[in-house]
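User: Could you take a close look at one part of this model for me, the stretch that carries a record annotation, and then set it against the rest of the chain? I'd enjoy a connected walk-through.

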Amino acid sequence: MADTADTRTPAQIEADIKRRRAVLAETLDEIGVRVHPKTIVGDAKARVASNVDHTLGRAYVGVNRAVSDVKAQFVDVNGAPRLERVVPAAVVVVVGVVGLLTLGSRRRRR
């Protein structure tokens, strides 16, 4: 059998026990903080906020891309309006507004 006798002095053993107790106390304190309801709620709120920020960021990028695509249809690379596209679109809008106003006035008469 191998000799497993402890060669430490009683003072060394006491110091080792104190050190291990301190490490254990620190670990228990950390676990207590992690499982505390306020910590759990705070972590959940942070995850939700992060997901919302991520979703809003993606939505913003998507909307920005769509606006840029529509703008590219009506404005050339120099920023000048493309009249061959702006005029027909404006006519469609005006006809639509006039049609809605006409329908609204007909319904009020009845």
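Analyst: Happily! The UniProt record, an unreviewed entry, places a "transmembrane region" at residues 86-104. In this predicted model, that span is 100% helix and 0% strand. From one end of residues 86-104 to the other, the C-alpha atoms lie 27 Å apart. The label itself comes from UniProt, and such annotations may be inferred rather than shown by experiment.

Now for the chain around that span. Its secondary structure comes to three helices and zero strands, so the order of elements from the N terminus, written by DSSP runs, is α-α-α. Helix α1 covers residues 10-35, and helix α2 covers residues 37-74.

The overall dimensions are worth a pause. The radius of gyration of the chain is 36 Å, whereas a compact globule of 110 residues would have one near 13 Å. Along the principal axes, the C-alpha atoms fill a box of roughly 105 × 45 × 25 Å. Two pairs of residues give a feel for these distances. Pro10, which lies in helix α1, is 68 residues from Asn78 in sequence, and their C-alpha atoms are 86 Å apart in space. Val41, in helix α2, is 28 residues along the chain from Ile13, with 42 Å between the C-alpha atoms.

How much of such a chain is buried? Buried residues make up 1% of the 110 residues. The two residues just used as markers fit into that account: Pro10 is exposed at 62% relative accessibility, and Val41 is partly exposed at 44%. In total the chain exposes about 10,100 Å², and carbon and sulfur atoms supply 63% of that area.

Charge is the next topic. There are 19 positive and 12 negative side chains, and the centres of the two sets lie 22 Å apart. Some of these charges pair up, as a search of the whole structure finds five salt bridges.

Asp16 is a good place to look at them, since its relative accessible area of 16% falls under the 20% cut-off and therefore makes Asp16 buried. The side chain of Asp16 meets that of Arg8 in a salt bridge, 2.9 Å from N to O. Arg8 is partly exposed, at 36% relative accessibility. Asp16 also forms a salt bridge with Arg20, where the closest N and O atoms are 3.4 Å apart. Why can these two residues of helix α1 be described as about one turn apart? Because Asp16 and Arg20 are four residues apart in that helix, their separation is about one helical turn. Arg20 itself is exposed, with 54% relative accessibility.

Further along helix α1, Arg34 and Glu30 show the four-residue spacing again, which puts about one helical turn between them. Their salt bridge brings the closest N and O atoms to 2.7 Å. Of these two partners, Arg34 is exposed at 55% relative accessibility, while Glu30 is partly exposed at 40%. Elsewhere, salt bridges that share partners join Asp6, Arg8, Asp16, Arg19 and Arg20 into one network.

To put the part you asked about back in its setting: residues 86-104, annotated by UniProt as a transmembrane region, form a fully helical span with 27 Å between its end C-alpha atoms. The chain that holds this span has three helices and zero strands, and a radius of gyration of 36 Å.

Notes
Residues numbered from 1 in each chain as written. Predicted model: local features only at pLDDT ≥ 70, side-chain atom pairs only at ≥ 80, totals over all residues. Heavy atoms only, no water. Salt bridge = Lys/Arg side-chain N within 4 Å of Asp/Glu carboxyl O. Buried < 20%, exposed > 50% of the residue type's maximum accessible area, 1.4 Å probe, protein only. Rg over C-alpha atoms; globule rule 2.2 N^0.38 Å. Areas by Shrake-Rupley, 256 points an atom, 1.4 Å probe, with all protein chains shown as cover. Lys, Arg positive; Asp, Glu negative; His and termini not counted. Charge placed at Lys NZ, Arg CZ, Asp CG, Glu CD.
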